[in-house]
Amino acid sequence: MHEQQTGVTESDPDWDPDEHVRYARYRRAFAHVAPEGGAGLVARVLTDPDGAMAGSAVREYLDRRAVELFTDPGYPAWRAEMAEVVAANDFISRRLREWTLLRAAAVGEPWEVDELLAATNWCQLHAAETSAAGTVLAALVEGGRTKRICNAAKSRTGKVK
């Protein structure tokens, strides 16, 4: 895939009418993109006419980079760059905000319990299964959206300080 700032259209040399082929091509491009090229590639992929497929490819990339940068001091700059690029996509924007919430709790930055309790099931379950923050787990034991979330938080509560 070329890293052009133009949108993905049928006149694009990388165009394929099969969204599965385009999805696989996007995944390969995201696997090999240099960090400084990530935002441009995200912007380009999000112009694909199949918004759900494009969003899925971008979400996968965003999740991978968020994990890679989770405790890195470069996370805030990356988040700001991504937030600008994905602002028009509600799903991806929300996922980015939720990664930022999870990171804040993990690295001891300010965060709000109400924001965690209003987060998606994905975010709550991820926090319940991975967080080492007692306040996160306590909030999810009491107010997690599903029994699975509450139980996961409860089972981790005894394992963290």
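"Buried", in this talk, means under 20% relative accessible area, exposed means over 50%, and partly exposed is anything in between, with a 1.4 Å probe and protein chains only. Hello everyone, and let me start with a pair that uses that word. Arg-22 and Asp-48 are both buried, and they form a salt bridge whose closest N and O atoms are 2.8 Å apart. By salt bridge I mean a side-chain nitrogen of Lys or Arg within 4 Å of a carboxyl oxygen of Asp or Glu.

A word on where this comes from. This is a predicted model, in which local features need pLDDT of at least 70 and side-chain atom pairs count only at pLDDT 80 or more, while totals for chains, interfaces and linings use all residues. Residues are numbered from 1 along each chain as its sequence is written, and side-chain values use heavy atoms, with hydrogens and water left out.

Now the overall picture. The chain has nine helices and zero strands, so the pattern along the sequence reads α-α-α-α-α-α-α-α-α, with helices (H or I, at least four residues) and strands (E, at least two) taken as DSSP runs and numbered from the N terminus. Of the 161 residues in the chain, 42% are buried. Contact here means heavy atoms within 4.5 Å. Among contacts between residues at least 6 apart in sequence, 56% join residues at least 24 apart.

Back to our opening pair. Arg-22 sits in helix α1 (residues 19-32) and Asp-48 in the loop between α2 (38-45) and α3 (51-69), so this salt bridge ties together parts that are 26 residues apart in sequence.

That brings us to helix packing. Two packed helices are described by the angle between their axes and the distance between the axes. The axes are lines fitted to C-alpha atoms, for helices over the stretch in contact, and the angles run from 0 to 180 degrees between N-to-C directions. Under 35 degrees counts as roughly parallel, over 145 as roughly antiparallel, 65 to 115 as roughly perpendicular, and the rest as oblique.

Take α1 and α2: their axes are 10 Å apart, at an angle of about 170°. These two helices are therefore roughly antiparallel to each other. From α1 the contact has Tyr-26, Ala-29 and Phe-30, and from α2 it has Leu-41, Val-42 and Val-45. What classes do the residues of the contact of α1 with α2 divide into? They are six nonpolar, no polar and no charged. For the classes, Ala, Val, Leu, Ile, Met, Phe, Trp, Tyr, Cys and Pro count as nonpolar, Asp, Glu, Lys and Arg as charged, and the others, Gly among them, as polar.

Next, α3 and α5. Their axes are also separated by 10 Å, and the angle is about 15°. That makes α3 roughly parallel to α5. The crossing is right-handed; a crossing gets that name if the near helix is turned clockwise from the far one by less than a right angle, and left-handed if anticlockwise. Residues making the contact include Leu-62 and Asp-63 of α3, and Arg-95 and Trp-99 of α5. By class, this contact has nine nonpolar, one polar and four charged residues.

Some of those charged residues are worth a closer look. Arg-59, Asp-63 and Arg-95 are linked in a network of salt bridges. Within it, Asp-63 and Arg-59 have their closest N and O atoms 2.8 Å apart, and both lie in α3, four residues apart, about one turn of the helix. Asp-63 is buried, at 13% relative accessible area, whereas Arg-59 is partly exposed at 23%.

My last pair is α7 (residues 121-130) and α9 (residues 147-157), whose axes come within 7 Å and cross at roughly 20°. That makes α7 roughly parallel to α9, and the crossing is left-handed. Among the contact residues are Leu-125 and Ala-128 of α7, with Ile-149 and Ala-152 of α9. The contact has five nonpolar, three polar and three charged residues.

A salt bridge also joins these two helices: Arg-148 and Glu-129 meet at 3.9 Å, N to O. Arg-148 lies in α9 and Glu-129 in α7, so the pair ties together parts 19 residues apart in sequence. Arg-148 is exposed at 56% relative accessibility, and Glu-129 is partly exposed at 43%.

Which residues of α7 are buried? They are Cys-123, Gln-124, Leu-125, Ala-127 and Ala-128, and what covers them includes α5 (90-107), α6 (113-118), α8 (134-143) and α9.

And the salt-bridge count comes to nine. Thanks for listening!
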